[in-house]
Amino acid sequence: MPTKVTVTTFDWVPEFAHGYVRDIRIRWALEEIGRPYEVDTVPVQDRIPEHFARQPFGQVPMLRDGDLSLFESGAILLHLAEGTPLMPDGKEGALARQWLIAALNSVEPYAMQWSTASFFDKDEAAAARFEKSLRGRLSMLQDALADRDWLAGSEFTVADLFMADVLRAPAANGLLDDLPKLAAYLERATARPAFGRAMADHMAHWHAADAKKAAASA
Ligand SMILES: N[C@@H](CCC(=O)N[C@@H](CS)C(=O)NCC(=O)O)C(=O)O
């Protein structure tokens, strides 16, 4: 019998983060593999010791799978994908791991620098500099994808799930407009029914959190 899975996210986040809190990655993977899950929360404002005991940096997401508690979205996805179609055997599996780590380590840091400068620090000069280097990475990624549908071979894998999630914010801000193959790749990934279900539940969580906060301050 499969073990019980719980995804932990924040109890509330500001509206600009709706759609982007990384629990979406975990929800998406769980939907892809058809594993039911529950969601619980940790406070975003006053972070509690129990949170740091599970996630040393006080971040989300976290996962409980039976008696195993995991943090880091990449590690969680690798764990969930094992033994499922999201992680093929053999050579394609090695390539899926390679591309997941490329998403984490060679693309996401560029996207993070750009989004931090653009939306948090609102530092126009830094944002322009980081946008340029992010655009460079995205262009190289499109070249590497070439005419394939998916990164690691013929099938959608955990690497595509991770990479597509990293690409969503740049795409929403026009950074894929001149990269049609990469835009089509993202479209293919996010058109999957599992993504649609995961995003609907993710958004419902934040709307419920907003309603609870409004009721508490009324
Ligand atoms: N490398 C971590 C990053 C986690 C992360 O940045 N989480 C954000 C939400 S998406 C967070 O908790 N932000 C609050 C903070 O950093 O204090 C992962 O992939 O799980």
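**View 1. The shell of residues around the ligand in a predicted model****.** The shell around the ligand divides into four nonpolar, two polar and three charged residues, where Ala, Val, Leu, Ile, Met, Phe, Trp, Tyr, Cys and Pro count as nonpolar, Asp, Glu, Lys and Arg as charged, and the others, Gly among them, as polar. Its members, each with a heavy atom within 4 Å of the ligand, are Phe-10, Val-21, Arg-22, Arg-47, Gln-59, Val-60, Pro-61, Glu-72 and Ser-73. Residues are numbered from 1 along each chain as its sequence is written, and side-chain values use heavy atoms, with hydrogens and water left out. In this predicted model, local features need pLDDT of at least 70 and side-chain atom pairs count only at pLDDT 80 or more, while totals for chains, interfaces and linings use all residues.

**View 2. Polar contacts of the ligand****.** In these contacts, pairs of N or O atoms within 3.5 Å, a backbone N or O atom of Val-60 lies 2.8 Å from a ligand nitrogen atom, and a polar side-chain atom of Glu-72 lies 2.7 Å from a nitrogen atom of the ligand. Ser-73 places a polar side-chain atom 2.7 Å from an oxygen atom of the ligand. Taken alone, the ligand exposes 500 Å², of which the protein buries 75%, with accessible areas from the Shrake-Rupley method and a 1.4 Å probe.

**View 3. The cis peptide bond between Val-60 and Pro-61****.** Val-60 and Pro-61, both among the residues around the ligand, are joined by a cis peptide bond with omega of about 10°. Most peptide bonds are trans. Pro-61 belongs to the loop between α2 (49-54) and β3 (62-65), where helices (H or I, at least four residues) and strands (E, at least two) are DSSP runs numbered from the N terminus.

**View 4. Lys-122 in a loop between two helices****.** Lys-122 is found in the loop that lies between α4 (90-120) and α5 (124-145), and its phi is near 50°, a positive value in a residue other than glycine. Most residues other than glycine have a negative phi.

Terms used. A polar contact is a pair of N or O atoms within 3.5 Å; within protein, one must be able to donate a hydrogen and the other to accept it, and residues adjacent in sequence count only if both atoms are side-chain atoms.
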